[in-house]
Amino acid sequence: MSLPKLYIPGPVNISQATNDALVQPMIGHRSKDFQKLYSSIQPGLKQLFGTTRPVFISTSSAWGVMEGALRNVVTKKVLNCCKGAFSDKWFDVSKRCGKQADTLQVEWGQPITPEALDQRLATGEYDAVTLVHNETSTGVLSPLAELAEVLKKYPHVISIVDTVSSFSTVPINFDELGIDVQLLGVQKALALPPGMALFTVSQRALERAATLEDRGYYFDFHEFEKNAEKDMTPSTPVIPHIYALKSKVDEILKEGLKNRFARHEKLNAMVHAWVDKQGFEFLAPEGYRSKSLTCVKNNKEADLPAIIAYLRANHHLIIDGGYGKIKGKTFRISNMGDETEESITTLLAALDDAFAKA
Ligand SMILES: *Cc1c(COP(=O)(O)O)cnc(C)c1O
């Protein structure tokens, strides 16, 4: 029997086209064929990131680059903006990397506000800040454009922005925002298999990195920059994923970025309408809700494990029963990746059935 379809917020289902793209003949990573493959994806990736800087390909999950970013830019002290499981984890990782770190902590379900960020950066204590754009555990989308305006007042503060679950679902323009590091893992919004991360870094971040001597090798920004000039990666990359990335980037450009944003907006609104209709509530306040997933408060105290088991057995699909300390108190529905009106309609009908019968 085939496995159930994933409606969890990552990893998400991969398409047949992606599946096919993964299984192509192997090439050497120092060959002309590889350079051709690598360079053919760069224009599309730059367009997706909204940057003229090179987009780096890392063979790791997002955390590899997240840890690497800390090791490349933090010299004095980093401010970790914490609002959920992923953003909170940055603080732990900062300390494990031996960095001085503080938190700007808000309650799970709330966004990071520009005022709070400004107040903390005004202390002058920090030379780096970590921000999660779309907190996947709580479904909160923080106001990145406004936060970036605050960051512009503090040019010595290097910003590291995690766009794992928002990338390509809402507009994010790296160059216009003036942020320093933007990263994502490919298994969420891009609907590729886990195992690869993409990132870009500003000139300012490179300059900072040059002052740090213990930034290691595998995630060294300067190694990536130097190799990118030759259309290569520092070490042997996950070549099947790069084939799949090419296929996905071509697909996104064919759909058109505006259409892609509109599709996510529409599918997300369909899920929101279902939440309202069922009498559930959202964890995130209005105006700060993710467009790629929905985190629903279990205010009706539904038996979530029973619902999830019912969906799997009767509808061959999986939703998520909450993450970290809000497991059971919330559930999450993903509309990221390749979902369509048809697939979300099917999902919502299945949810109606499950909440009525399970
Ligand atoms: C999933 C996720 C991560 C971690 O990704 P890995 O691929 O497990 O390293 C980090 N940040 C956010 C916002 C995520 O959703």
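Me: How far is a polar side-chain atom of Lys188 from an oxygen atom of the ligand?
Reply: In this predicted model, a polar side-chain atom of Lys188 lies 2.7 Å from an oxygen atom of the ligand, and a polar side-chain atom of Gln187 likewise lies 2.7 Å from a ligand oxygen atom. The protein covers 90% of the 380 Å² of accessible area that the ligand has on its own (Shrake-Rupley method, 1.4 Å probe).

Me: And which ligand atom does Asp162 approach?
Reply: A polar side-chain atom of Asp162 lies 2.6 Å from a nitrogen atom of the ligand, and Asp162 itself sits in strand S8, residues 158-162 (strands are DSSP E runs of at least two residues, helices H or I runs of at least four, numbered from the N terminus).

Me: What about a salt bridge for Asp162?
Reply: Asp162 is buried (under 20% relative accessible area, 1.4 Å probe, protein chains only) but has no salt bridge, meaning a side-chain nitrogen of Lys or Arg within 4 Å of a carboxyl oxygen of Asp or Glu. The nearest side chain of opposite charge, Lys188, is 7.4 Å away.

Me: What cut-offs apply to confidence and atoms?
Reply: Local features need pLDDT of at least 70 and side-chain atom pairs 80 or more, while totals for chains, interfaces and linings use all residues. Side-chain values use heavy atoms, without hydrogens and water, and residues are numbered from 1 along each chain as its sequence is written.

Me: Switching to the backbone, where is the cis peptide bond?
Reply: The cis bond joins Gly10 and Pro11, with omega about -10°, and Pro11 is in the loop between strand S1 (5-6) and helix H1 (16-22).

Notes:
Buried means under 20% relative accessible area, exposed over 50%, partly exposed in between (1.4 Å probe, protein chains only). Lys and Arg count as positive and Asp and Glu as negative; His and the chain ends are not counted. A polar contact is a pair of N or O atoms within 3.5 Å; within protein, one must be able to donate a hydrogen and the other to accept it, and residues adjacent in sequence count only if both atoms are side-chain atoms.
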